[in-house]
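Ready to find your way around a new fold? Grab a pencil and work through these short exercises.

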Amino acid sequence: MDQNALKQAVAEAALQYVPDDAIIGVGTGSTANCFIDALARRRDRIRATVASSDASAARLRSHGIKVVELNQVAEALAVYVDGADEVNLYREMIKGGGGALTREKIVASCAKRFVCIVDESKCVTRLGRFPLPVEVIPMARSALARKLAAMGGDPVWREGVVTDNGNHILDVRNLEIDNPIEMERTITHWPGVVTCGLFALHPADVVLVGGKHGVDVREGSFK
Ligand code: 5RP
């Protein structure tokens, strides 16, 4: 099975976490795109969606799926479905390869459940092989790059990329992520950081992993 077929398999499996007549959160990236395409078949059973990026909103609308702003939604979203760049056994993730980390974290935080959909290449025992994306306010970019370097990382400005929020992204290689929760807290508290791509304080509730033997469901407590 090629990687795209695995992404489609987990996207299909995620449909069972989508209740009828609900408002749901939808992520960003190639795996989330597979989910959006699968969701299109049951568009009549969805009340609305909240998208984590302009790109996902456009894809949802192209399928005739209703998209609303988060500010229009007064209730908790039933579920948030999204991919990840890396996920560990504790369901902690690195996200933001597609640059949508801030909206992803916001929409995920408004959902009752985060269902992460990945192919098996994203599963790691230790986070950090994938460079950690950090969304920053443009004027703080160089100062924050120095702070990330002092922490042991090698930050690289994702030049030419402006997020949907009008900000810049630093991709940080070679960080020693011994404690993802602590690192998320530390980086997120620095002035000028909008958010970082660690999703450890609020990890996924369920991870669906697509492999050659089918879709593995990971949930429950490891800590
Ligand atoms: C976008 C993300 C994506 O979920 C992550 O990059 C995975 O993308 P893909 O499914 O294309 O591998 O965090 O900001």
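Keep in mind that this is a predicted model.

**Exercise 1.** Work out how S1 and S2 run relative to each other, parallel or antiparallel, and what unit they make with H2.

*Solution.* Start with the pairing: S1 and S2 run parallel and are joined by five bridges. For one spot to look at, find Ala22, which sits opposite Ile46 in S2. Now add the helix: together, S1, H2 and S2 form a right-handed β-α-β unit. Finally, check the surroundings of S2, residues 46-51: five of its six residues are buried, so the strand is largely enclosed by the rest of the structure.

**Exercise 2.** Find where Gly29 lies, and decide whether Gly29 is buried, partly exposed or exposed.

*Solution.* Look in the loop that links strand S1 (22-26) to helix H2 (30-39), and there's Gly29. Its relative accessibility is 29%. Buried would need under 20% and exposed over 50%, so Gly29 counts as partly exposed.

**Exercise 3.** Which residues of H5 are buried, and how are they arranged around the helix axis?

*Solution.* Step along H5, residues 141-150, and pick out Arg141, Leu144, Ala145 and Leu148 as buried. Seen down the axis, the buried residues of H5 fall within an arc of 105°, so they line one face of the helix. Flip to the other side of H5 and you'll meet Arg146 and Ala150, which are exposed. Next, see what the buried residues pack against: the partners include strand S7 (132-136), strand S9 (168-173) and helix H6 (180-189). Last, go past the end of H5 to Gly152, which has a positive phi, near 110°.

Note on methods
Residues are numbered from 1 along each chain as its sequence is written. This is a predicted model: local features need pLDDT of at least 70, side-chain atom pairs count only at pLDDT 80 or more; totals for chains, interfaces and linings use all residues. Side-chain values use heavy atoms; hydrogens and water are left out. Helices (H or I, at least four residues) and strands (E, at least two) are DSSP runs, numbered from the N terminus. Buried means under 20% relative accessible area, exposed over 50%, partly exposed in between (1.4 Å probe, protein chains only). Two strands pair if DSSP finds at least two bridges between them. A crossover is right-handed if, with the strands pointing away from the viewer, the path from the first strand over the helix to the second runs clockwise. The arc is that of the directions from the helix axis to the C-beta atoms. Contact means heavy atoms within 4.5 Å.
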